[in-house]
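Please walk me through this protein model. I would like the overall fold, then the surface, the pocket and the charged pairs.

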Amino acid sequence: MSLFLFFNFIYMQKTNVKTEKINNFRHFLSTLNEEQKNKSIDNFQAISIEGKVYSGFNRCFLAYQKAPVGIFGGFKQWQFAKKKVKKGSKAFYIFFPSKKQNDEDDEDIRFWAGAIFHESQTEPA
């Protein structure tokens with residue numbers, strides 16, 4: 001197997017795991033009624049390293065992934081805060097918006113899954 005095929009295989013496995021997590025979460029959310037969704041959101045507090053409270057949807061998504069309550073940040077956000085993510089730490093995923101300009105000067109908002117890490121997964125740099 002060539003090196004390119006090997007790395008492509010690894011990349012596809014990671015992508016499939018991420019897609020599977022997202023699809024399982026969608027199914028999980030579809031089984032909850034409004035009261036259960038609101039209770040999940042109220043019981044799970046997650047704050048970004050910048051001090052912003054994550055959306056209800058992202059808090060539900062983090063709770064579904066069994067993330068601990070607390071402060072979260074992306075890899076580069078932790079670096080900026082003079083901390084480093086511990087080797088071997090598994091990321092949690094959230095959705096973040098991305099704006100794209102159309103030809104007609106309209107903006108499309110798309111959502112992407114991004115990796116974040118809990119403060120317990122970091123150590124001083």
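**A guided tour**

At 41% relative accessibility, Lys-84 counts as partly exposed, because that class lies between buried (under 20% relative accessible area) and exposed (over 50%), with a 1.4 Å probe and protein chains only. This is a predicted model, where local features need pLDDT of at least 70, side-chain atom pairs count only at pLDDT 80 or more, and totals for chains, interfaces and linings use all residues. Residues are numbered from 1 along each chain as its sequence is written, and side-chain values use heavy atoms, with hydrogens and water left out.

Lys-84 has a charged partner. Its side chain meets that of Glu-123 in a salt bridge (3.8 Å, N to O). A salt bridge here is a side-chain nitrogen of Lys or Arg within 4 Å of a carboxyl oxygen of Asp or Glu. Lys-84 sits in strand β3 (residues 83–85) and Glu-123 in strand β6 (residues 122–124), so the pair ties together parts that are 39 residues apart in sequence. Glu-123 has 31% relative accessibility and therefore counts as partly exposed. The count of salt bridges comes to two. Glu-50 and Lys-52 also meet through their side chains (3.8 Å, N to O). Both Glu-50 and Lys-52 are exposed.

Now the fold. The protein has four helices and six strands. Helices (H or I, at least four residues) and strands (E, at least two) are DSSP runs, numbered from the N terminus. Along the sequence the pattern reads α-α-β-α-β-α-β-β-β-β. Of the contacts (heavy atoms within 4.5 Å) with a separation of 6 or more, 59% join residues 24 or more positions apart. Buried residues make up 27% of the 125 residues.

Turn to the surface. The accessible surface comes to about 9,300 Å², and 57% of this belongs to carbon and sulfur atoms. Such areas come from the Shrake-Rupley method with a 1.4 Å probe; for residues, only the protein chains shown count as cover. Ile-47 lies in strand β1 (residues 46–48). At 33% relative accessibility, Ile-47 is partly exposed. Ile-47, Val-53 and Ile-71 make a nonpolar surface patch of about 220 Å². Patch residues have over 30% relative accessible area and no salt bridge; like charges are joined within 9 Å, nonpolar side chains (Val, Leu, Ile, Met, Phe, Trp, Tyr) within 5 Å.
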